[in-house]
Structure formats: structure tokens, C-alpha cells
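Here is a short tour for a newcomer. Keep the sequence and the 3D view side by side, and follow along.

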Amino acid sequence: QVQLVESGGGLVQAGGSLRLSCAASGRTFSSYVMGWFRQAPGKEREFVAAIMWSGSSTGYADSVKGRFTISRDNAKNTVYLQMNSLKPEDTAVYYCTARPLTSDNWNYWGQGTQVTVSS
């Protein structure tokens, strides 16, 4: 059974940093894309960043480019989201997700971790 377990959320002041982790288990993810989405209160879930499990390709939402960095550690089956220069508008529940390279559907989701940025 596939499991994606996020950790690392919390409360931080504007301008601060947090690193989210996503521990993946239950299958081989070599042909998957791993991603982070977020959902703020009253808003739709939105894409934040993605990385191929194999290779170095990454992608970011315009709102986080230059501030957030997605990375992975294949040996630990873990994906990270380093978030710097945080803003109050980054406040949201952050979700780890995965989809096959050949699909547009994000098949697997974690339970989410809360990130709150105070002004």
C-alpha cells in the first residue's frame, strides 16, 4: 500500500524558512513524478512544485520560484520542499503527491502538513 507521509510544517515568521519532508513507501517510484500542492482556507488546492523521481527535472509555480526548492533523496525515499523567504500568503496545508510519468492524474496523496506564516 502506497503511503506518503509529510512532516516539517509549523509556525514561522514572515521571512523565515521551513523544510517539509515527504516519506514515500509501498512501491517503486522510479517512473513517477513527485509533487507538492497546497490549499489555503477558502481556496482551491494549487500546484507548488514537482520533481521527477529519476533525473533532475523540476517545476515550480510562479508564486514560489526563487524561494522554494524541491529535492529528493532516493536512498531515503524522501522528497523535500525547502521554503525560504516565507510570506503570510504561503500559509496553507501542504500536501505531498505522486503521479506516473505517463499520466496527468496525481494518484497518491499524503495527509497534509500545516504551514502558518505570521506577519
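How many disulfides does a search of the whole structure find? The search finds 1. Bear in mind that this is a predicted model.

The partners are Cys-22 and Cys-96, and their sulfur atoms sit 2.0 Å apart. Cys-22 belongs to strand β3 (residues 18-25) and Cys-96 to strand β9 (residues 92-100), so the link ties together parts that are 74 residues apart in sequence. The angle about the S-S bond is -75°, which makes the link left-handed. Both Cys-22 and Cys-96 are buried.

Now step back to the whole chain. It has 11 strands and 0 helices. Read from the N terminus, the elements run β-β-β-β-β-β-β-β-β-β-β. The radius of gyration is 13 Å, close to the 14 Å that the globule rule gives for 119 residues, so the chain is as compact as a globular protein of that length. Along the principal axes, the C-alpha atoms fill a box of roughly 40 × 25 × 25 Å.

What share of the 119 residues is buried? Buried residues make up 44%. The chain exposes about 6100 Å², and 45% of that comes from carbon and sulfur atoms. Contacts also reach far along the sequence. Among contacts with a separation of 6 or more, 53% are between residues 24 or more positions apart.

Next, look inside. The largest nonpolar core holds 30 residues. Which of them touch the most other members? They are Phe-29, Met-34, Trp-36, Leu-81, Met-83 and Tyr-94. Several strands give two or more residues to this core: β3, β4 (32-39), β5 (46-52), β7 (68-73), β8 (78-83), β9 and β11.

Take Leu-81 as a sample of that core. Leaving aside residues up to four places away in sequence, Leu-81 touches Leu-18, Arg-19, Leu-20, Trp-36, Val-48, Ala-49, Phe-68, Thr-69, Ile-70 and Tyr-94. Two of these partners, Trp-36 and Tyr-94, are also on the list of core residues that touch the most other members.

Gly-35 comes next. This glycine sits in strand β4. Is Gly-35 buried or exposed? Gly-35 counts as buried, because its relative accessibility is 0%. Its C-alpha atom is separated by 6.3 Å from that of Ile-51, although the two residues are 16 residues apart along the chain. Beyond residues up to four places away in sequence, Gly-35 touches Ala-49, Ala-50, Tyr-95, Cys-96, Thr-97 and Trp-106. One of those partners, Cys-96, is half of the disulfide.

Move to Thr-113, which is in strand β11 (residues 113-118). Its relative accessible area is 11%, so Thr-113 is buried. A polar atom of its side chain lies 3.2 Å from the backbone nitrogen of Gly-9. Not counting residues up to four places away in sequence, Thr-113 touches Glu-6, Ser-7, Gly-8, Gly-9, Leu-20, Ala-92, Val-93 and Tyr-94.

Now for the loops. Asp-90 lies in the loop between β8 and β9. Where might its side chain reach? The side chain of Asp-90 reaches the backbone nitrogen of Lys-87 at 2.8 Å. With a relative accessibility of 0%, Asp-90 counts as buried. Setting aside residues up to four places away in sequence, Asp-90 touches Arg-38, Arg-67, Phe-68, Ser-85, Val-115 and Val-117.

Ser-85, one of those partners, is placed in the loop between β8 and β9 as well. Its phi is positive, about 50°, although Ser-85 is not a glycine. Is Ser-85 buried or partly exposed? Its relative accessible area is 41%, so Ser-85 is partly exposed.

Asn-77 also has a positive phi, near 50°, in a residue other than glycine. Its place is the loop between β7 and β8. At 26% relative accessibility, Asn-77 counts as partly exposed.

To close, return to the start. The disulfide joins Cys-22 and Cys-96, and both are buried. Around that link is a chain of 11 strands, with a largest nonpolar core of 30 residues.

Terms used:
Residues numbered from 1 in each chain as written. Predicted model: local features only at pLDDT ≥ 70, side-chain atom pairs only at ≥ 80, totals over all residues. Heavy atoms only, no water. Disulfide = S-S within 2.5 Å. Helix = DSSP H or I, 4+ residues; strand = E, 2+ residues; numbered from the N terminus. Buried < 20%, exposed > 50% of the residue type's maximum accessible area, 1.4 Å probe, protein only. Polar contact = N/O pair within 3.5 Å; in protein donor to acceptor, adjacent residues only side chain to side chain. Contact = heavy atoms within 4.5 Å. Rg over C-alpha atoms; globule rule 2.2 N^0.38 Å. Areas by Shrake-Rupley, 256 points an atom, 1.4 Å probe, with all protein chains shown as cover. Core = buried A, V, L, I, M, F, W, Y, C linked by side-chain atoms within 4.5 Å.
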